[in-house]
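The report below works through a single structure, moving from individual positions to the ligand sites and then to the packing of the interior. It is meant to be read with the sequence and the coordinates at hand.

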Amino acid sequence: MIVILSSKTAEERVQEIVRIIEKHEVKAHISKGEDKIVIGIIGKADPMLAEHLRQLSGVEQVVKISKSYKLASRDFHPSNTVIRVKGVEIGGDELTVMGGPCAVESPEQIDEIARLVKTAGGQVLRGGAFKPRTGPYSFQGVGVEGLKMMKEAGEKHGLLTITEVMTPEYVDVCAEYADILQVGTRNMQNFDLLRKLGTIQTPVLLKRGFSATYDEFLNAAEYILAGGNPNVMLCERGIRTFEPYTRNTLDLAAIPVLQNLSHLPVISDPSHGTGRRELVEPMAKASVAAGANGLIIEMHTDPDNSMTGDGVQSLFPDQFARLLQDFEKLAPLFGKRFDTKKQAQAVLA
Ligand code: PEP
Ligand code: MN
């Protein structure tokens, strides 16, 4: 249930209404928008409560929400969530570009790729230190050493960093070294991991499970939000369909659907979404046109020798740089800004 108040309601009155709500053994979450204040009620509310609230002065409307996820829904939070990390805003007017290798391989590799991401105009360096591999004998990532290498490269070149965390036990160490934590497609419903991520404030990029519905995806985000971490972004990375030509089918419609249903930023991953280098550029541009708040793109200086199989979907550095130049022209057509020169010179706050 949500309670809608005018944005002009005095803070004291808002707090009085919250106190009335919380007497009913439910939790109240306040979200302030431009023209309304929304109080979301979480928990099983007494049926009489809605009637009581409707009669209070200051209350414009009381609406029941039938969706199973609440905090992730746009009903609860009408304005877009903007996540701010060291001066970078994700979910606002600016397009966010995250680029880098599938896996961190060595200090030299990640340093050189960080330099290339920065000079091309990206804001975030991606790289996995812990890799979720389909087979147990495949390269599993360089672990904590990789986190250190990434942090150093990110700081040296003025980029935020994002890395995947696979288990609750590793959340704290990953959060110590990286600015954003990624939950991979295979872990979208690892509820212990989601709960643990709810206990910290580090931003989380939650990837859609490759067979998850929008409802399941938003409920997974709800676990993190309900735990107390509001900094969640959603990532469409392709779903499994009957088509074997592409590794996955990038669900472009997911971008506007998720933005209609939710206020959380939506990031597109055309690399895993297609699994083919030649498709990354057109699908990245299509994602911008569909309204994505950002992109996460694999790029490698030597993709043929990448330590995971993802070299086939990794852009070469010059392709990555050209793509970002094109974003600069494309973004304004779809209500976003992207300035490669400004980003290349930006210093993290
Ligand atoms: C990755 O980003 O390298 C990755 C493993 O992604 P996903 O979980 O989408 O497969
Ligand atoms: Mn990968």
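In this predicted model, H52 is found in helix α2, which covers residues 47–54. The relative accessible area of H52 is 38%, and the residue therefore counts as partly exposed. Computed along the chain, H52 and T249 are 197 residues apart, while in space their C-alpha atoms are 48 Å apart.

A further position in a helix is K329, whose place is in α11 (residues 317–330). K329 has a relative accessible area of 60% and is therefore classed as exposed. From K329 to T274 the C-alpha separation is 24 Å, with the two positions 55 residues apart in sequence numbering.

Two further positions are buried, one in a strand and one in a loop. T161 lies in strand β9, residues 160–164, and its relative accessible area is 2%, so the residue is buried. G143 is in the loop between β8 (124–126) and α4 (144–157), and with a relative accessible area of 10% it is likewise assigned as buried, because the limit for that class is under 20%. Each of these residues can be set beside a partner elsewhere in the chain: the C-alpha atoms of T161 and K151, 10 residues apart, are separated by 6.9 Å, and those of G143 and A129, 14 residues apart, by 4.8 Å. The four pairs named so far are collected here.

| Pair | Separation in sequence | C-alpha to C-alpha distance |
|---|---|---|
| H52 and T249 | 197 residues | 48 Å |
| K329 and T274 | 55 residues | 24 Å |
| T161 and K151 | 10 residues | 6.9 Å |
| G143 and A129 | 14 residues | 4.8 Å |

The backbone deserves a separate word. Most residues other than glycine have a negative phi. Against that background, E25 has a positive phi near 60° although it is not a glycine, and K86, also a residue other than glycine, has a positive phi of about 45°. E25 lies in the loop between α1 (11–22) and β2 (27–32), where its relative accessibility of 75% makes it exposed. K86 is placed in the loop between β5 (83–85) and β6 (88–90), and its relative accessible area of 37% makes it partly exposed.

Which residues coordinate the manganese ion (ligand 2)? The donors are C102 through SG, H272 through NE2, E298 through OE and D310 through OD, at 2.0 to 2.4 Å. Along the sequence these donor residues follow the spacing C-x169-H-x25-E-x11-D. Within this set, H272 in helix α9 (residues 270–274) and E298 in strand β14 (residues 294–298) form a pair that links distant parts of the chain, with their positions 26 residues apart. H272 has a relative accessible area of 7% and is therefore buried, and E298 also counts as buried, at 0% relative accessibility.

Ligand 1 is surrounded by 13 residues, of which R126, K131, T185, K207 and R237 come nearest. By class, this shell has seven charged residues, four polar ones and two nonpolar ones. Contacts to oxygen atoms of ligand 1 come from both side chains and backbone: an N or O atom in the side chain of R237 is 2.6 Å from an oxygen atom of the ligand, the corresponding distance for the side chain of R126 is 2.8 Å, and a backbone N or O atom of T185 also lies 2.8 Å from a ligand oxygen. Of the 300 Å² of accessible area that ligand 1 has on its own, the protein covers 98%.

How many residues does the largest nonpolar core have? There are 41, and L181, L197, L206 and L234 are those with the most contacts inside it. Elements that each supply at least two residues of this core include the strands β1 (2–6), β10 (180–183), β11 (204–207) and β12 (232–236), together with the helices α5 (171–177), α6 (191–197), α7 (214–227) and α8 (254–261). Helix α7 gives the most to this core, with six residues.

Technical notes: Residues numbered from 1 in each chain as written. Chains lettered and ligands numbered in written order. Predicted model: local features only at pLDDT ≥ 70, side-chain atom pairs only at ≥ 80, totals over all residues. Heavy atoms only, no water. Donors = N, O, S within 2.8 Å, 3.2 Å for Na, K, Ca; no water. Helix = DSSP H or I, 4+ residues; strand = E, 2+ residues; numbered from the N terminus. Buried < 20%, exposed > 50% of the residue type's maximum accessible area, 1.4 Å probe, protein only. Near = heavy atom within 4 Å. Polar contact = N/O pair within 3.5 Å; in protein donor to acceptor, adjacent residues only side chain to side chain. Areas by Shrake-Rupley, 256 points an atom, 1.4 Å probe, with all protein chains shown as cover. Nonpolar A, V, L, I, M, F, W, Y, C, P; charged D, E, K, R; others polar. Core = buried A, V, L, I, M, F, W, Y, C linked by side-chain atoms within 4.5 Å.
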